[in-house]
Every structure is written in C-alpha cells, then in structure tokens.
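Work through the exercises below with the sequence and the 3D view open. Each task is followed by a solution in steps.

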Amino acid sequence: MAALVKSLGTLRLSDEDLGFPGTIGAAYEYLVKESADAAGSRGGEFYTPRAVSRMMVELARPTAGMRVYDPCVGSGGMLIHAKEYVDDHSGDSSGLLLAGQDANGGSWAMATMNMLFHGVERFSLEAGDTLTDPRHRGGDFDLVLSNPSFSMDYSRAEVPDLKERMPYGEAPEKGKSDLMFLQHMLHMVRGRGGSVFTVMPHGVLFRGGEEQRVRSGLLDARMVEAVIGLPPNLFHGTGIPACVMVLREPEARSEEMRDTVLFIDGSRDFRATRARNVLLPEHVERIVSAFHARTDVEGFARLVGRDEIAEARDSLAVQRYVDGPPPEPQDLRAHLVGGVPVAEIRSKESLLDAYGVTTPWLFARRPDDDAYVDHPTGREESQAERLTRLAVERETDFRRTFEEWWLGRAADVDALARQRGERARSGPFPGDLRAGLFASARHRLVPVGPLDRDAVGSALADWWQATGTDLKILAHHGFGGLVDHWVGDVLMEGRGQAGLSAAERRQVYQHEVVSAILPTFVDELAAAEQALADLKELRPTAGLRRDQTRVKRAVRVVENSFWGTAPGRRSGDGTPASVPRLARARAALDAQGDRAVVLGILGRRLAGRLDAQLLRRRRELLGSYENWESKYRLSFREIERQLSGKPEAFIENNPWSRESPWSFDSIGPVPGGTRHKVARRLHEIIDTEKAVEAATAKLDIDLHMLLIPLFAPRAESGETSASCPLRDVVSVAWQGNYTRPAAEGEGDGLPAVRGSALVDDGIALSKMSRTSSVVSSDHLLRDGDVLFTLGLAQPHEPHRAAVWRKALPEATVSQGVLCLTPDHDRLDSDYLAAWLRHPMAQVRLRSEAITESDASFVTGRGQLSVSRMLDVEIELPPLSEQRQLAESCAVLLGQRARRRKQLAKLRLIKETMMNDLVADQISVSYL
C-alpha cells in the first residue's frame with residue numbers, strides 16, 4: 001500500500017493533466033457506486049442512484065449563490081449534482097454553500113471526501129442524528145435535496161423544538177419517521193421562500209391516522225406543489241415503490257397554482273435490469289419536462305385542485321388522480337361479424353397523423369355504416385408493406401431535416417470548444433448548449449414528424465448523458481484534444497492486442513474515430529474478412545485450405561498495420577510500421593480536420609439515437625395495424641365459414657347462425673331476461689371452444705403420425721429408415737450468445753431471433769430482440785438455416801424449430817438458439833425442422849444430449865449439449881421423400897395455426913362477454 005501511495009504521488013493529477021475538471025471526483029463517485037452495489041441492502045444508507053439524483057436536481061434547478069442542504073447526506077451525491085448543475089449553467093459554483101448531516105460517521109467521511117475531490121469551496125457537513133440533534137440552523141437554506149432512509153423509528157421525546165420544527169403533526173414513532181424528516185426539511189427553508197425536493201416511501205401518500213393529519217396540514221397550508229410516482233426497486237436496500245415530493249411555500253408559487261397539486265405518474269417508465277430497475281435519461285427527461293410545463297398530459301401528469309383531494313380524504317396516491325393506460329379495447333360486434341371500429345382508429349389519430357395516414361388510405365369504408373370499416377382486399381401489396389414504405393419515406397425526410405439542423409447548430413459546438421483551460425465565466429456553458437439544442441431540435445424536427453416532442457427529447461437526453469464526458473473534454477481541450485482522447489482510448493484498449501480475441505478486436509475497430517479518420521482500414525478489413533467468409537462456404541479441398549491460409553494472412557497483415565509492429569519490422573505494404581496506422585492518420589489531421597471529425601461523430605451518435613426512436617415509432621405504427629388485424633380480421637362469422645366450408649350454415653353448438661341471430665341495435669344495461677340468454681350463449685361458446693380444441697388435438701396427432709414410419713420398423717419387412725449422425729448432414733452448427741443490450745435503445749444493434757419467435761408457421765419478426773454485441777460474419781443467418789431452441793422456458797415444454805427464410809438483410813440468433821446449416825444435397829431444411837419438432841426425435845435428443853445425472857433433466861428443464869446433439873442419429877429418407885413429408889407437415893402446421901387462432905378468438909369473445917355480464921353492461925342484445 002505504501003508503494004502504491006508513493007507511485008500515485010509521482011503522477012500529475014491537476015485539471016490540465018486530466019481529461020476534464022472533476023475527473024478525480026467522477027472517479028471517486030464511480031467507486032462509491034461500486035461500494036454501494038457490493039454492500040447490497042446497506043448501500044441504500046449512503047448512495048442514491050445517479051439517475052434519481054440527476055432528476056431531482058433538474059427538477060429543482062439550483063442557481064449560483066444558493067444555500068443547499070441535505071439532512072441525510074450519505075455520500076453527498078445530491079449536493080455534488082447540485083454543484084455540477086450550477087457549473088453547467090452558470091460556470092461558477094464558488095458561491096454555492098453545500099451543507100448536510102448524517103447519523104453514520106462513515107457516510108459523513110465519504111461525503112467530506114466527495115466534496116474535496118470535486119473541488120467544492122464552501123461546504124458544511126456534520127455527523128449526528130438530524131431529528132434528535134440538528135447541527136444546522138433552521139430557516140437558513142434555499143433548497144433541500146434529500147433521500148432519507150425509509151420508515152425509521154424515532155422518539156418524540158428526543159426531538160428538540162418539536163412543535164416549532166413539526167407544526168403540521170407528529171407521525172407514529174414506530175417505523176413512521178418519514179413525515180417527520182419532511183417537516184424538518186420545510187423548517188430548514190422556512191422564511192426564505194425555499195423549496196424541498198425529497199424522496200419518500202409511497203405509503204406516506206395514503207396511510208391514515210396521524211400521517212393523514214400531517215398531509216392535511218401540509219395541504220391546507222398549500223405547501224405541497226407536486227407528487228411524482230417512481231418505479232419500484234430503484235434503490236439499494238428496498239424494492240418498495242417510492243415517490244418524489246416537492247414542497248414550497250405558497251408565496252414562492254404563482255397564485256393560480258397555489259391551490260393545485262401536480263401529480264406525475266412515472267412508475268411505468270424504467271428499464272429492468274438483473275439487480276434493480278433503472279431510470280434512463282429519456283425517463284428523466286419526460287418527468288422533468290412535465291414538471292416544468294405544469295400542464296396535463298394524458299395518462300402521465302395532471303393538475304388537481306384542493307377540493308378534489310379533500311374528497312379523497314387528502315390521499316396523495318398518484319394513481320388515484322392519474323389514470324394509467326386504458327385496457328386494450330375489445331369490440332364484441334367486430335369480433336363476431338368483422339370490421340374494425342372507427343373509434344379505435346381515432347384513438348391512434350396522433351400516431352397516424354404523424355405519418356400522414358388517413359382511415360380511407362388504410363381501410364375500406366362501408367357505405368351504410370360509419371362506425372366500422374373493413375380490411376382491404378385484392379391488393380398485391382400488403383398493408384404492412386404499404387405502411388413500411390410510407391414510414392421509410394417519412395423517416396428519410398426526417399433524417400434530411402436533422403442533417404440540416406445539425407449543420408446549423410455547429411456554431412454552438414464551436415463556441416463550447418473555444419472554452420479552453422480556465423473556464424471563462426461569461427459562457428457559453430454546457431447547460432446553455434443543452435437548452436439551445438433541446439429547444440431548437442423540438443422546434444425544427446417535431447413538425448416534420450413522425451417523432452413527437454417526447455421522442456425527440458428522449459433521444460437528445462440519452463445522447464447528452466452518453467456524450468457528457470466528451471463534451472467536458474471538448475470544453476477543456478478543444479476539438480484536437482477530444483480527437484486525441486478518442487484515439488488514445490482505442491490504442492489503450494489494444495495494448496496487448498495479441499491476447500485479444502477476434503471479437504474483442506472487432507469491438508475496438510468499431511469505435512467511431514476509426515471509421516472517421518481511417519476509413520480505408522475499415523474497408524480493407526471488411527473485404528479481407530468477406531473473402532474469408534466466402535471461402536468457408538465452399539467444400540473443403542487442399543486448394544481451398546491454401547486459399548484460406550493466404551486470406552487469413554492478409555487479414556493479419558491489415559490488422560498488424562493498424563496496431564503497428566515492433567521497431568525495425570515493416571507493415572504489410574512494406575513501409576515502417578512501428579507507429580500504429582491509427583496514430584499516423586491522427587497526426588495527418590489539421591484543425592479543420594479535427595473539427596470535422598468531432599462534429600461528424602457527435603452528429604452520428606445523435607442520429608443513431610433518433611433512429612432508435614424512429615424504429616420504435618415505426619413499430620408502434622405497424623403494431624397498431626397488426627393489432628387490429630389480429631383482433632378483427634378473423635371474425636366469428638369467418639370461423640363458422642372455415643369450420644363448415646359454407647358462407648352461412650348452422651353447425652352443432654354454433655352460437656352465431658340464422659337459427660340464433662344476434663342484434664347490435666341496443667347497447668346498455670342488461671335486462672333480467674337477456675342476462676339468461678347471455679348465459680346460454682356463453683354455454684354455447686364453451687361447447688364450440690371444446691370442439692375447436694378437439695380439432696386442434698387431432699391435428700397434433702396427425703402431425704405425430706406423419707413421421708412415425710421413419711422412427712418405427714416397417715411392418716412388412718422390419719426394416720428401418722436409413723439414418724446417420726446429425727453432424728454428417730449439417731455443414732455448420734453454431735449457438736447464439738447475443739442478448740438484448742441492457743442500456744441501449746431499441747434501435748441499436750442487429751436483429752436476433754429469440755426462442756419465443758419460433759412459431760408454427762415460421763418466425764415471428766415482432767418477437768425478435770436486438771443485440772449491441774459485435775456479430776462476426778459467420779454468425780449471420782443464411783437463407784435455409786434451421787433454428788432450434790436448446791433450452792426450455794417451462795418444464796417439459798417442447799423444443800421449437802423453424803426455417804429462416806431471409807426475412808431480413810442481416811440477423812443472428814440470441815442465447816439458447818442453435819443455428820444449423822444443412823448439407824442441402826442430402827438434407828432438406830424443412831424436413832430437418834419437422835424432424836426436430838417431432839416428439840420422438842425430441843425424446844431421443846433429450847435422452848442422448850443431456851445426461852441423466854443432470855438435475856435439470858429430472859425436472860424437465862435444462863439445455864441440450866450441442867456437441868452431443870450432433871451425435872444423435874437422424875432418419876434420412878431420399879431427398880424427394882423428405883420434401884414430400886415436409887410439404888405435408890407444412891399443410892398440417894398451417895391448419896393447426898389457423899385452429900389456434902380460432903381458439904384464441906373464441907376465448908377472447910367468451911372473456912369479453914363474461915366481463916360485460918359481470919359489469920352488467922353488455923354490448924349485444926339478443927333476439
């Protein structure tokens with residue numbers, strides 16, 4: 001340890017020697033976060049997630065010269081974020097006073113170090129219990145930011161100046177100290193027109209008794225400004241839902257807002273990770289924008305008057321005042337006789353308008369019925385294809401407008417880059433750049449469509465958060481300094497590159513600065529790797545192996561030129577290459593080149609995040625139409641036609657026919673007599689459901705019987721079908737190891753087929769995930785590849801298999817999915833998929849590819865071993881017979897898929913009727 005300290009003492013660690021001011025403080029915050037993660041539940045005692053701290057500071061918007069206080073300071077993160085906000089918006093936090101107190105001496109020490117590492121000039125931190133031994137004077141602060149420990153015990157007898165500090169009431173002593181802390185916070189800003197932003201457990205919003213009296217007192221005093229619901233499982237040490245309460249003296253609020261409370265429901269905006277839920281920048285931006293706009297946002301934010309809150313017995317539960325998303329509507333008439341309700345289309349009007357889609361463009365109008373429209377027929381191009389084409393056109397216009405806008409904002413980035421060394425106090429500051437970018441982007445991009453204000457803001461917020469460090473380096477070292485930083489990062493990652501795997505080296509090459517300043521290397525490497533991939537497609541021969549060796553050598557030559565070779569050696573082109581090729585390309589850039597590289601990379605990063613939002617928006621558009629199609633295209637009338645083979649006919653137990661017609665002329669409460677008719681119709685629905693279930697089960701048996709002759713000896717001769725190990729007829733087999741990225745947008749990465757995307761009639765593209773991992777060329781799907789699920793989601797669930805039909809230009813598979821490329825001269829892809837789905841084949845696979853000692857085998861779970869699976873014998877009839885069997889399987893699979901859709905429709909109708917009957921509100925009257 002002494003040697004380490006001595007070694008660190010030789011390093012220059014001033015702001016000029018580091019990437020940007022506050023580098024040491026940022027490193028310390030990172031260590032605090034790691035400590036909190038390692039401490040588990042105890043981490044919540046001293047650490048608040050950065051996203052929550054950042055959100056609270058952006059809600060509060062502290063200004064230069066303020067006195068900011070945290071009564072449960074922990075490691076001081078809230079106060080540090082306040083300082084950084086002021087630095088970014090005024091450039092001078094020297095007049096800011098940061099004060100806090102914590103009962104834990106270790107937390108106090110961490111907070112003190114945090115202040116020192118961040119260069120805080122004025123701070124006052126104390127150790128001690130804030131409720132029983134407050135060390136700072138009341139009414140001495142302008143702003144309180146805090147995240148106190150939830151539901152702690154306290155003793156009223158030990159609280160000094162109880163009536164003065166807690167004038168609105170006293171909460172129970174056992175596990176209910178939250179509102180006592182809140183009142184103490186108000187006491188600290190009393191008389192200065194200050195404000196309080198604090199995290200609270202959700203229970204304080206609605207519990208009765210003494211806590212309700214405290215809430216009533218705060219509401220009557222018009223102290224409560226806003227309540228913001230947060231997702232569960234955000235904080236270390238507790239998974240319960242929390243909220244942010246904003247309190248401010250009424251004199252500091254506008255007169256028209258004093259008798260209202262703003263409720264924001266952010267409980268559904270989060271990303272789930274393995275350890276806990278996290279707020280992404282886009283979630284923070286949405287909450288912050290709604291708070292400062294102080295207007296109603298349907299399903300998200302609402303201003304509520306004092307009278308309405310009083311009617312709810314002063315409950316502040318957010319869900320009481322902000323309605324969540326409505327349940328998926330189900331129109332029983334449309335389910336029964338077809339058509340799409342116009343009311344449901346109008347509910348998506350803003351989405352359709354963003355793409356310029358009108359109802360007549362999408363559906364066929366009915367001449368005698370304005371309430372319903374029909375799915376169009378007879379068009380060569382499907383509606384999904386038409387919508388996709390229209391979306392691409394709109395997205396192209398959007399990207400063109402974005403490029404024009406970004407070029408127009410280059411002067412703002414130039415101004416930031418001119419701030420070198422000691423920051424000029426007159427600006428411009430990062431906060432100014434952020435505000436300007438957000439305002440101008442929304443003004444310029446939103447009218448173009450298809451992204452709305454929230455989507456543009458989400459992309460910008462995500463980009464700003466991810467680019468924050470680079471912008472600090474830009475402000476401190478200019479364009480050239482930022483390019484140097486990027487190049488240094490790439491070369492640092494490549495130290496000891498001989499020990500890096502091929503995938504790890506590709507990850508390094510994907511850094512934006514490589515393609516920006518050394519595009520020829522990227523092209524050369526891509527060409528060499530493509531040549532190698534093409535050779536792998538050919539049958540192995542002696543000549544082919546020589547060609548592969550030659551091409552592999554060419555790939556190494558290109559890569560060695562990138563990293564540089566040892567002094568005295570030469571690169572592949574014969575020139576001395578001791579200096580890495582990337583470094584040489586960097587040295588060739590002048591000041592204008594540095595500027596172009598930085599603006600290009602920052603612009604492409606933002607464009608990528610906007611592309612993610614465009615993709616999400618396009619999915620929403622296509623998903624809306626696909627939802628209407630899946631709900632209403634197959635009506636009950638169409639089911640009857642498919643079941644009977646006639647347009648209209650009475651079949652046994654059919655509740656919709658000429659003999660039992662349904663009328664849709666009346667909607668309202670169910671009369672007593674009609675209620676019994678509804679019950680009888682439900683009985684008939686159940687009978688029909690059972691009939692369809694039986695037909696589906698018979699199809700399962702037919703599929704099973706189709707291939708049984710291959711597995712069993714022939715009755716006449718006792719002979720079995722020819723067979724061989726799978727590995728003899730499969731040329732390529734690889735398992736996916738790509739998963740959905742944890743912190744990237746939906747538009748990032750390559751499409752990846754998950755196990756759940758393998759369905760009866762192929763691959764459901766809507767169920768595919770995406771990956772941000774580097775995907776090598778030999779892990780891209782090819783037309784005719786067979787995909788197979790190795791693991792089981794549920795015990796004894798069958799493995800799934802499907803054939804990839806090149807539905808997308810590029811795609812891979814995710815974890816747990818095996819890709820098999822059959823030898824097409826001996827094995828048909830569709831036959832292989834049918835064989836893999838067969839129950840007898842799956843019994844064989846599971847008995848031979850998983851050992852019986854494996855506990856997962858006993859429970860019916862587990863994952864097949866690929867190497868063992870390739871040793872399993874597959875029945876191999878002649879290729880013509882394989883294709884004939886595959887075609888027969890395809891017919892039966894199509895029938896089974898249709899039956900399953902029929903069954904889903906019947907169950908949905910039954911559920912809708914049952915819900916209406918229970919609610920005493922039926923949408924159909926019966927004759």
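**Exercise 1.** In this predicted model, decide whether tyrosine 509 and phenylalanine 562 are buried or exposed, then classify the pair of their rings.

Solution. Begin with accessibility: tyrosine 509 is buried, and phenylalanine 562 is buried too. Next, take the two values that describe a pair of aromatic rings, the distance of the centres and the angle of the planes. For tyrosine 509 and phenylalanine 562 these are 5.1 Å centre to centre and 75° between the planes. Centres within 6.5 Å make a pair, and an angle over 60 degrees counts as edge-to-face, so the pair of tyrosine 509 and phenylalanine 562 is edge-to-face. Last, locate the residues: tyrosine 509 belongs to helix α20 (residues 502-509) and phenylalanine 562 to helix α23 (residues 542-563), so the pair ties together parts 53 residues apart in sequence.

**Exercise 2.** Which charged residue lies over the face of phenylalanine 291, and which has its charged end over the ring of phenylalanine 438?

Solution. Over phenylalanine 291 lies arginine 294, at 4.4 Å from the ring centre. For phenylalanine 438, the residue is arginine 434, with its charged end 4.2 Å from the ring centre.

**Exercise 3.** Describe the largest cavity and its lining.

Solution. Start with the volume, which is about 60 Å³. Then find the lining, which includes Leu218, Arg222, Asp259 and Ile309. Now sort the lining residues by class: six are nonpolar, one is polar and five are charged. Finally, assign elements: α8 (210-220), β8 (260-265) and α10 (306-311) each supply at least two lining residues.

Conventions: Residues numbered from 1 in each chain as written. Predicted model: local features only at pLDDT ≥ 70, side-chain atom pairs only at ≥ 80, totals over all residues. Heavy atoms only, no water. 1 Å grid on protein atoms, 1.4 Å probe; cavity = no way out; pocket = protein on both sides within 12 Å on 5 of 7 lines; lining within 4 Å. Points joined across faces, edges and corners; volume = space filled by probe spheres on them. Helix = DSSP H or I, 4+ residues; strand = E, 2+ residues; numbered from the N terminus. Nonpolar A, V, L, I, M, F, W, Y, C, P; charged D, E, K, R; others polar. Phe/Tyr/Trp six-rings, centres within 6.5 Å; stacked < 30°, edge-to-face > 60°. Buried < 20%, exposed > 50% of the residue type's maximum accessible area, 1.4 Å probe, protein only. Lys NZ or Arg CZ within 6 Å of the ring centre and 35° of its normal.
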